[in-house]
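Colleague: Please take a close look at one helix of this model and describe how it sits in its chain. After that, add what you can about the contact between the chains.

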Amino acid sequence: MSTVTGVSATDDPPGPDGRTPLRGVSASTGRLGDRLFGGAATVSGVIVIATVTLIAVFLIVQAVPALRDNQASFFTSREWAPGGDTPRFGIVEFLWTTVAASTMAMIIAVPFGVAVALFLTQYAPLWMRGPAAALVDLLAAVPSIVYGLWGLITFAPFFKPIQGWLENTLGWIPLFSPTGISGGTILFIGLVLSIMVLPIVTALSREVFAQTPLAHKEGALALGATRWEMIRTAVLPFGRPGVISAAMLALGRALGETIAVTFLVSSLPDGAAWTWSLFNGGETFASKIANNAAEFSNPNKTGAYIAAGLVLFVLTFIVNSIARIVIERRKAFTE
Amino acid sequence: MSVSRIGAIGAIALSGALALSACASENPAPAASASSGGTSGASAADCFSGDLKAEGSTAQKNAIDEAIKAYQTACANANIDYQPTGSGAGIKQFIAKQVDFAGSDSALKTVPKDGKVEATDAKNACGSDAWNLPMVTGPIAIAYNVKGVDKLVLNAEVAAKIFDGKITTWNDPAIAALNKGVTLPATPIKVFFRSDESGTTENFTKYLHAAAPSAWTYDPAKKWTGQGEGKEKSAGVATATKGQDGGITYVELSYAQQNQLPMAQIDNGSGPVELTPEAAGKTIATAKQTGTGNDLALKIDYATKEAGAYPIVLVTYEIVCSKYADAETGKKVKSFLKSFSSDAVQKSLTSLGYAPLPTEVATKVQSAVNAIS
């Protein structure tokens, strides 16, 4: 018989080793504590839900008038000329850049992050696990502005020749066809983003892998599995929901990352030819809004940018929902 | 404004400079750039004590900071606050009577825009005529990075074609014709433009449009209409140009200097002109006054053929009431702007990459400031 607020005296009878039991008087904080804590938790929950709802309402209210005046198709137009008498704007370009760069980041960061997590939990010698994990976590604490600067000053010159080689060698694949953009390509942004989100994937995956029941692992080994087979049959299935939620969290960050991207990205001039190439430039939702925030001169123009922000909001929301659904479904198989 | 703050963090991290500002046209000059100090035009008798609030253009932010520093050296009790939120925001706040004067990249518009006429609204807010006083001028450099080319001459026509992607290699005959005796490589030209909307872009395209109307057919705008690759703010285009052989961009003088980028000389029809504050001042001096009386709104003649004039310049204004409803405020504005327009302060702006007002204009501005009440 336990209460919410504390451990009841009856939970802990004296053991055979002669310990004294918990004293009932100090073990419970009584009804007042119950009410305070319950109330605080409820209020916090309501505030969070209300905030998210209000943000959504704010975005919609601000965006709708601008969208109504829009002379071009919001979802399919590549123009971006909000404000003025005949505003024309569409998001397809930002959507492509955002999704392409984030996908690139995921393709690189997830397998790599999982591998790092497996190394840290299954392969690394015990003395190394703690410090190495702390180092990876430290990567997550690096502010994104630092990644932006590092990308701009150190990584970009290093990546330029690699990009040139890729363009020359694999240029026949539409995804790698050469463009006139020298730096700040979608691929480059994706690479920097992957480094930024790697620690998120690693840290969360490491947590779940470390919780794999010893019995599963030992069982696999006892049946004659090699270490890789043990990981494949015991650790990975157990950790899968965790890895998926880690990936989605990381994707959320990649989609919304602003500063580093704004620093690095190369935007395209009006009327640039459409290409699927990852070596093209382009702006993401977040960088476009951040870059132009200083010139929000009239409500209509602001509304256009807010409408773009709304799309990013919905995009992130969808990603998170998918993650939830996947995790719920996976749980049934692993438990 | 969080964007510009972020820019500031970048600037600090980059250079370690203490300049705590980063705006569309910021100038991350080292804090060591000397203030003209107590030698400024504010004599002790002019000093006011209390607050003066202004807001507007980011392009003049560093200049006005310098002027405030100079003023406060003489008048320790004066508290002047300039918020670099952008020209549009400054004018809006001025009309709403939230600030005492506004800084703007362009004079108050006399034609309706979005159903409002700025000049009329400002006049109503003041209860008297609102004046545009040119205070800070800044030259815009065409900065480039081509291996082995230290001296480059361009004219409006060729520049327009380069920035519009019509000329694509450095050894194009059109460039070679202007640069006899210079060996130009076959490097492709990489144009970098400002991806954010900016007064620098607007003034640069105004120049191209005015001086080479057949080569640059787009309307001047804050948003880039030519070709190339966009980078964030002045720092972004300057860094990108520095890191790319064959790169070219348009950027404020101070950024070109700090990145040690060579700057093209402009041939306005009377021979190549190197970018110097004096050469830029010459263009300002040829500008036509469009306002009447003490309203000194200028129309710059970008197509000027004046010998020795560097034509790509930007002028920023202080927008003031000719007669303030509150006489005390009028005195404060007058006192500060008197110091700002003084020769000493104007000269000190040169080290920040601005150009001092040419004498003729400065005289007019000074007499207009004296007429504020």
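Modeller: The model is predicted. Helix H2 of chain B covers residues 61-74, which makes 14 residues. From the first C-alpha to the last, H2(B) reaches 20 Å, close to the 20 Å expected at 1.5 Å a residue.

The buried residues of H2(B) begin with the run B:Lys61, B:Asn62, B:Ala63 and B:Ile64. B:Glu66, B:Ala67 and B:Ile68 are also buried, as are B:Ala70 and B:Tyr71. The cover over these buried residues includes three strands of chain B, namely E2 (78-83), E3 (101-104) and E4 (130-145). Helix H11 (327-341) and helix H12 (343-348) of chain B are also included in that cover.

Now the contact between the chains. On one side are 24 residues of chain A, in contact with 31 residues of chain B. Helices H5 (144-170), H9 (259-264) and H10 (285-292) of chain A are the elements that give two or more residues to the chain A side. Of these, H5(A) gives the most, with four residues. By type, the chain A side divides into 12 nonpolar, 10 polar and two charged residues.

One residue of chain A can serve as a contrast to the buried positions. A:Val61 lies in helix H2 of chain A, residues 30-69. A:Val61 counts as exposed because 11 other C-beta atoms lie within 10 Å, and the limit for exposed is 12 or fewer. A:Val61 and A:Ile306 are 245 residues apart in sequence, yet their C-alpha atoms are 9.5 Å apart in space.

Note on methods
Residues are numbered from 1 along each chain as its sequence is written. Chains are lettered from A and ligands numbered from 1 in the order in which they are written. This is a predicted model: local features need pLDDT of at least 70, side-chain atom pairs count only at pLDDT 80 or more; totals for chains, interfaces and linings use all residues. Two residues are in contact if their C-beta atoms, placed from the backbone, lie within 7 Å. Ala, Val, Leu, Ile, Met, Phe, Trp, Tyr, Cys and Pro count as nonpolar, Asp, Glu, Lys and Arg as charged, and the others, Gly among them, as polar. A residue is buried if 20 or more other C-beta atoms lie within 10 Å of its own, exposed if 12 or fewer, and partly exposed in between; C-beta atoms are placed from the backbone. The expected span of a helix is 1.5 Å times one less than its number of residues.
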